[in-house]
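Dear colleague,

Please find below the structure that I am handing over to you, together with its sequence. My findings follow it.

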Amino acid sequence: MGLFVTFEGIEGSGKTTQIGLAEEYLDRRGMPCLRTEEPGGAPLGRRLRELLLNRAPFAICPEAELLLFAAARAQHVREAILPALAEGKVVLCDRFADATAAYQGYARGLDMKTVDALNAFAMGGRCPDLTLLFDLPVEMGLARARRRIELLADEQKEDRFEAEELSFHQKVREGYLLAANREPKRFRIIDATGAIAAMRETVCLHLDRALRERERDR
């Protein structure tokens with residue numbers, strides 16, 4: 001069985017940059033891996049991503065938003081993640097169920113028992129082995145994210161969540177940190193205020209440790 005690693009964090013935390021660097025690191029080591037993302041990772045997820053991450057002339061209520069993310073995840077897990085793990089690959093996933101708990105549960109205010117139950121159903125019983133949480137102040141993250149978005153064409157912006165109020169993103173960060181506090185064995189918190197190279201080194205150390213533990217447990 002492979003290793004399932006998720007990359008989490010608020011907008012502008014640098015997790016997407018780091019997941020790309022992690023993929024390059026594993027490739028150089030000759031480790032077969034799958035880099036994927038949520039929502040996305042499968043054709044259905046990519047269609048739903050367009051609805052969920054782009055601003056549109058219609059509203060999506062929190063309940064519908066939760067169900068759309070769960071639908072994308074259910075397909076993603078069964079079509080991409082589980083097959084890759086069965087082949088012994090390292091799966092690097094940009095956001096997973098912890099994002100739903102933080103965004104739709106903690107920040108949107110939906111019932112957490114409902115969110116957790118729906119997450120468990122969509123995941124099919126497969127939790128991440130390791131979650132890297134890139135943490136930084138909300139104001140810094142949003143400033144980074146909005147600068148990046150300004151450079152993109154309108155059809156590439158995916159800025160629906162970046163348009164939310166500062167208080168929303170503060171709740172997202174709080175939700176992530178609460179999750180890390182509840183599951184310290186799975187989470188590793190990485191200071192996302194530092195340089196890209198320093199963050200990469202920390203990510204690689206955590207990956208190496210997780211891979212050693214996987215080999216030991218075989």
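The largest nonpolar core has 43 residues, and those that touch the most other members are Val5, Phe7, Val90 and Leu92. Helix H8 (residues 196-217) contributes the most to this core, giving six residues. Please bear in mind throughout that this is a predicted model.

Valine 5 illustrates how the core is put together. Leaving out residues up to four places away in sequence, valine 5 touches Val90, Val91, Leu92 and Cys93, as well as Leu130, Leu132 and Leu207. There is also a second, separate core of ten residues, with Val77, Ile81, Ala84 and Met123 among them.

I turn next to the packing of helix H8. Helix H1 (residues 15-28) and H8 have axes that come within 10 Å and cross at roughly 55°. An angle from 35 to 65 degrees counts as oblique, and H1 and H8 are therefore oblique to each other. The crossing in which H1 passes H8 is right-handed. On the H1 side, the residues that meet H8 are Thr17, Gln18, Leu21, Ala22, Tyr25, Leu26 and Arg28. Their partners in H8 are Ile196, Met199, Arg200, Val203, Cys204, Leu207, Asp208 and Leu211. This contact of H1 with H8 comprises ten nonpolar, two polar and three charged residues. Leu207 thus appears both here and among the residues touched by valine 5.

Helix H5 (residues 112-123) packs against helix H4 (residues 97-107) and also against helix H3 (residues 62-86).

For H3 and H5, the angle is about 25° and the axes are 8 Å apart. Angles under 35 degrees count as roughly parallel, so H3 and H5 are roughly parallel to each other. H3 supplies Leu66, Leu67, Ala70, Arg73, Ala74, Val77 and Arg78 to the contact, while H5 supplies Val115, Leu118, Asn119, Phe121, Ala122 and Met123. Sorted by class, the residues of the contact of H3 with H5 are ten nonpolar, one polar and two charged. Val77 and Met123, both in this contact, are also included in the second core.

For H4 and H5, the angle is about 155°, with the axes 10 Å apart. Angles over 145 degrees count as roughly antiparallel, and H4 and H5 are therefore roughly antiparallel to each other. H4 passes H5 in a right-handed crossing. Ala97, Thr100, Ala101, Gly105 and Tyr106 of H4 meet Met112, Val115, Asn119 and Met123 of H5. Six of the residues in the contact of H4 with H5 are nonpolar and three are polar, with no charged residue.

H4 itself is mostly covered, as ten of its eleven residues are buried. Among the buried residues are Asp98, Tyr103 and Gln104. The elements that cover the buried residues of H4 include strand E1 (3-9), H3, H5, strand E4 (130-135), helix H7 (166-182) and E5. Glycine 109, which follows H4, has a positive phi, near 85°.

Finally, phenylalanine 187 lies in strand E5 (residues 187-191). Its relative accessibility is 4%, so phenylalanine 187 counts as buried. Apart from neighbours within four places in sequence, phenylalanine 187 contacts Asp98, Thr131, Leu133, Ala179 and Ala180. The C-alpha atoms of phenylalanine 187 and leucine 132 are separated by 5.9 Å, although these residues are 55 residues apart along the chain.

With kind regards

Notes. Residues numbered from 1 in each chain as written. Predicted model: local features only at pLDDT ≥ 70, side-chain atom pairs only at ≥ 80, totals over all residues. Heavy atoms only, no water. Axes fitted to C-alpha atoms, helices over the stretch in contact; angles between N-to-C directions. Helix = DSSP H or I, 4+ residues; strand = E, 2+ residues; numbered from the N terminus. Parallel < 35°, antiparallel > 145°, perpendicular 65-115°, else oblique. Left-handed = near helix turned anticlockwise from the far one by under 90°. Contact = heavy atoms within 4.5 Å. Nonpolar A, V, L, I, M, F, W, Y, C, P; charged D, E, K, R; others polar. Core = buried A, V, L, I, M, F, W, Y, C linked by side-chain atoms within 4.5 Å. Buried < 20%, exposed > 50% of the residue type's maximum accessible area, 1.4 Å probe, protein only.
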